[in-house]
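Student: Could you take me through this model and show me how each label is earned?

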Amino acid sequence: MTQGLQLDNLTYSVDGRTILQDVDLFVAKGVNRTILGASGVGKTTILKLMLGLLKPDSGEVSIDGEKIGHLSEGKLIQLRSRIAIVFQGGALFDSMTVGENVGYRLLEEGRPEREVERVVREKLSFVGLEDTINRYPAQLSGGMKKRAAIARALACEPDYIFFDEPTTGLDPIGVYNICNVIRLLQAEGKTILMVTHDLETAFNVSDRFSFIHKARMIFEGTREEMLASDHPAIREFLEPTDESLFTKL
Ligand SMILES: Nc1ncnc2c1ncn2[C@@H]1O[C@H](COP(=O)(O)OP(=O)(O)OP(=O)(O)O)[C@@H](O)[C@H]1O
Ligand SMILES: [Mg+2]
């Protein structure tokens, strides 16, 4: 069985508009891959397709070699429990404390309170937030909220972790902390799929890169290969110029 996440020839459209066309992607177990691309190009959509939250028009999504298209809802939920996603906005529940945010899913699963508290403390300590366990999200900075959202994603011990724009909107220290956490997770053997338009963060944490442009995956490779690419869209992304800005307008 192939260990990893795979998209095979995936096409997805909304209201007759093609968002993704014939997209192939493989995220091998243990790898840290980033999908890069301009805003609105379909990066978040790929993560939702991967989780089975959206259905493709054609093509297949496989998790550890298992095609998810024909699975029952129950089996899909079971497979999905191996994957955690840290959403673009963080999306903590404002009415719950940080600790409750991190632990609620485990409590819902009926795990004993003592055990849940142990996991919550361990995950908060992993992201450097053990002191915030009784605070409310409104009392945290933007970077702390993102780290709390990561702790919540880690509570169910996923094999795969998706990050959607984890560093967007953070100051340099916030970015540094998040990059550190992502690298630590990879060192622990987690498989990471990140989508972002933040090139610096991507180069900082990932081994492999994919690039989407006009609904297609036009590049897959290492940082060096991407830097050497002569595709005009990649060149523009790497080195935006006034000229490219004006041609877009
Ligand atoms: N529910 C929806 N209904 C209609 N169009 C949608 C819907 N969701 C997404 N889209 C469109 O699909 C395209 C891809 O959206 P997506 O959110 O995947 O982009 P993205 O690359 O994640 O963008 P960003 O970098 O801004 O987060 C966009 O053009 C968006 O307008
Ligand atoms: Mg997005």
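Tutor: Happily; we will set values against definitions, one term at a time.
This is a predicted model, in which local features need pLDDT of at least 70, side-chain atom pairs count only at pLDDT 80 or more, and totals for chains, interfaces and linings use all residues. Residues are numbered from 1 along each chain as its sequence is written, while chains are lettered from A and ligands numbered from 1 in the order in which they are written.

Student: What makes a residue part of the shell around ligand 1?
Tutor: A residue is near the molecule if its C-beta atom, placed from the backbone, lies within 6 Å of it. For ligand 1, 13 residues surround it, and the closest are Ser39, Gly40, Lys43, Thr44 and Thr45.

Student: Which element gives the largest share of that shell?
Tutor: Helix α1 (residues 43–50) does, with 3 residues. Helices are DSSP runs of H or I with at least four residues, strands are runs of E with at least two, and both are numbered from the N terminus.

Student: How do the shell residues divide into nonpolar, polar and charged?
Tutor: There are 3 nonpolar, 8 polar and 2 charged. Here Ala, Val, Leu, Ile, Met, Phe, Trp, Tyr, Cys and Pro count as nonpolar, Asp, Glu, Lys and Arg as charged, and the others, Gly among them, as polar.

Student: Why is α3 called roughly parallel to α5?
Tutor: The axes of α3 (residues 98–108) and α5 (residues 142–154) come within 8 Å and cross at roughly 25°. Angles under 35 degrees count as roughly parallel, over 145 as roughly antiparallel, 65 to 115 as roughly perpendicular and the rest as oblique. That crossing angle therefore makes α3 roughly parallel to α5. The axes are lines fitted to C-alpha atoms, for helices over the stretch in contact, and angles run from 0 to 180 degrees between N-to-C directions.

Student: Which residues make that contact?
Tutor: Val98, Asn101 and Val102 of α3 meet Ala148, Ala151 and Arg152 of α5. Residues are in contact if their C-beta atoms, placed from the backbone, lie within 7 Å. This set divides into 4 nonpolar, 1 polar and 1 charged.

Student: How do you know that β3 and β9 pair?
Tutor: Strands pair if DSSP finds at least two bridges between them. β3 (residues 32–36) and β9 (residues 208–213) have 4 bridges, in the parallel sense, so they qualify by that definition. Isoleucine 35 stands opposite serine 210 in β9.

Student: What makes β6 and β10 edge strands?
Tutor: Their open sheet of 6 strands runs β6-β7-β8-β3-β9-β10, with mixed pairing. β6 (83–86) and β10 (216–221) each have a single partner strand, so one side of each is left without a neighbour in the sheet.

Student: What is the order of the sheet of 4 strands?
Tutor: That open sheet runs β2-β1-β4-β5, with antiparallel pairing. Its edges are β2 (17–28) and β5, because each has a single partner strand. α1 packs on this sheet, touching β1, β2 and β4.

Student: How many bridges join β4 to β5?
Tutor: There are 2, and these strands run antiparallel. Serine 62 stands opposite lysine 67 in β5. Their hairpin has 2 residues between the strands, and aspartate 64 takes a positive phi near 50°.

Conventions: Contact = placed C-beta atoms within 7 Å.
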